[in-house]
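Colleague: I have a model open and would like to go through it with you. Could you put it up so that we can discuss it together?

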Amino acid sequence: MYNTVQNSTVKPLTVNDLAAMKQRGEKITCLTAYDASFSALIDKVGVDIMLVGDSLGMVIQGHDTTLPVTIADMVYHARIVSKARRRSFVIADLPFMSYCTPILAAQNAAKLMQLGGVQMVKLEGAHIETVSFLVGQGIPVCGHLGLLPQSINQLGSYKVQGKDPAAAEKIIADAYQLQEAGAELLVLECVPATLAKEISNQLRIPVIGIGAGVDCDGQVLVLYDMLDIGVEKRPRFSKNFMQGSLSIEAAIEAYHQAVKKAQFPSIQHSS
Ligand code: KIV
């Protein structure tokens, strides 16, 4: 078993620990978390990262998209997740329109860190100037490329990104630019597994995939999708880990082990 948290002397993971995992080829596990109870359970299992995702707009608040989520919502959920964690690294999303200028991004990132207690903020897209500004203020940043749920009204549907050569080249170039701007982690959502493999191999920073194949440095899933809670239609790349598990904790453990052993995602759960 990998990194199962058993006592209270355990130290919180840092961004350096995540970088070291990539260097030694250890897969990084990540799940979304939105409240203290699940935070404590996910942390207890030993999942490396908890993402307070703006997916909470869909799975907690019942909206069709992530767009209605506000920075106040994110701070509330970040605070209750952070309060219960002991070891996991905690990241929170900057929600739609909360980072449209570098100053606004820094003010909202400060709320997530000071009031929400998170270690890093994530923002969607290649906002290089904003990332550089945040990093300059001492704010750790996670980029997010590929399928960008906050752009759903431009995309039209939640479909695989980077399939044609020009789109793939753009994602590769954006990934490099984010790394050079100081991002220390990158989420790649719904891109072909071959593209995600190339980016993961080329970047220094850890790449966390969702619907992006097994060769990323780590994996993330939306907690409610993998626990089969309220799922009307689970994304093709997700998996119901409750199937074959006797408890929620066992399902989270099964996911954690499957990612650590590079058994998830299979081709069936890749783009
Ligand atoms: O909001 C979220 O849950 C996310 C993941 C899908 C990566 O951004």
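**The ligand and its surroundings**

Modeller: To begin with the ligand, its shell comprises four nonpolar, four polar and four charged residues. Please bear in mind that this is a predicted model.

Colleague: Which residues surround the ligand?

Modeller: The surrounding residues are Thr32, Leu51, Gly53, Asp54, Ser55, Asp93, Lys122, His144, Val187, Glu189, Ile210 and Val222.

Colleague: What is the distance from the polar side-chain atom of Ser55 to an oxygen atom of the ligand?

Modeller: That distance is 2.6 Å for Ser55. The side chain of Lys122 also has an N or O atom 2.8 Å from a ligand oxygen, and for the side chain of Asp54 the corresponding distance is 3.1 Å.

Colleague: And how much of the ligand's accessible area does the protein cover?

Modeller: On its own the ligand has 260 Å² of accessible area, and the protein covers 96% of that.

Colleague: Which pocket does the ligand take?

Modeller: The ligand occupies the space of the largest pocket.

Colleague: Let us move to the loop after strand 5. Where exactly is Gln150?

Modeller: Gln150 belongs to the loop that connects strand 5, residues 141-146, with helix 7, residues 152-155.

Colleague: Is Gln150 buried or exposed?

Modeller: Gln150 is buried, because its relative accessibility is 7% and the cut-off for buried is under 20%. Its side chain reaches the backbone oxygen of Leu94 at 3.2 Å.

Colleague: What about Leu148, buried or exposed?

Modeller: Leu148 is in the loop between strand 5 and helix 7 as well. With a relative accessible area of 17%, Leu148 is buried.

Colleague: How many residues separate Leu148 from Leu51 along the chain?

Modeller: They are 97 residues apart along the chain, and their C-alpha atoms are separated by 16 Å. Leu51 is one of the residues around the ligand.

Colleague: Now the backbone. Which peptide bond is cis, with omega near 0°?

Modeller: The bond from Phe264 to Pro265 is cis. Pro265 is placed in the segment after helix 11, which spans 248-260.

Colleague: I also noted Ala262. What is its phi?

Modeller: Phi of Ala262 is near 55°, which is positive in a residue other than glycine. Ala262 is likewise in the segment after helix 11, and it is partly exposed, with a relative accessible area of 37%.

Colleague: And where is Met97?

Modeller: Met97 sits in the loop between strand 3, residues 89-93, and helix 5, residues 102-114. Met97 is not a glycine, yet its phi is positive, at about 65°.

Colleague: One last topic, helix 4. How is Asp73 placed there?

Modeller: Asp73 is in helix 4, which covers residues 71-84. Asp73 counts as partly exposed because its relative accessible area is 21%, and the partly exposed class lies between the cut-offs of 20% and 50%. The C-alpha atoms of Asp73 and Gln61 are 10.0 Å apart, with their positions twelve residues apart in the sequence count.

Colleague: What is the relative accessibility of Tyr76?

Modeller: Tyr76, also in helix 4, has 44% relative accessibility and is therefore partly exposed. From Tyr76 to Asp93 the C-alpha distance is 12 Å, at a sequence separation of 17 residues. Asp93 is among the residues surrounding the ligand.

Methods: Residues numbered from 1 in each chain as written. Predicted model: local features only at pLDDT ≥ 70, side-chain atom pairs only at ≥ 80, totals over all residues. Heavy atoms only, no water. Near = heavy atom within 4 Å. Polar contact = N/O pair within 3.5 Å; in protein donor to acceptor, adjacent residues only side chain to side chain. Areas by Shrake-Rupley, 256 points an atom, 1.4 Å probe, with all protein chains shown as cover. 1 Å grid on protein atoms, 1.4 Å probe; cavity = no way out; pocket = protein on both sides within 12 Å on 5 of 7 lines; lining within 4 Å. Sits in = over half its atoms within 2 Å of the grid points. Nonpolar A, V, L, I, M, F, W, Y, C, P; charged D, E, K, R; others polar. Helix = DSSP H or I, 4+ residues; strand = E, 2+ residues; numbered from the N terminus. Buried < 20%, exposed > 50% of the residue type's maximum accessible area, 1.4 Å probe, protein only.
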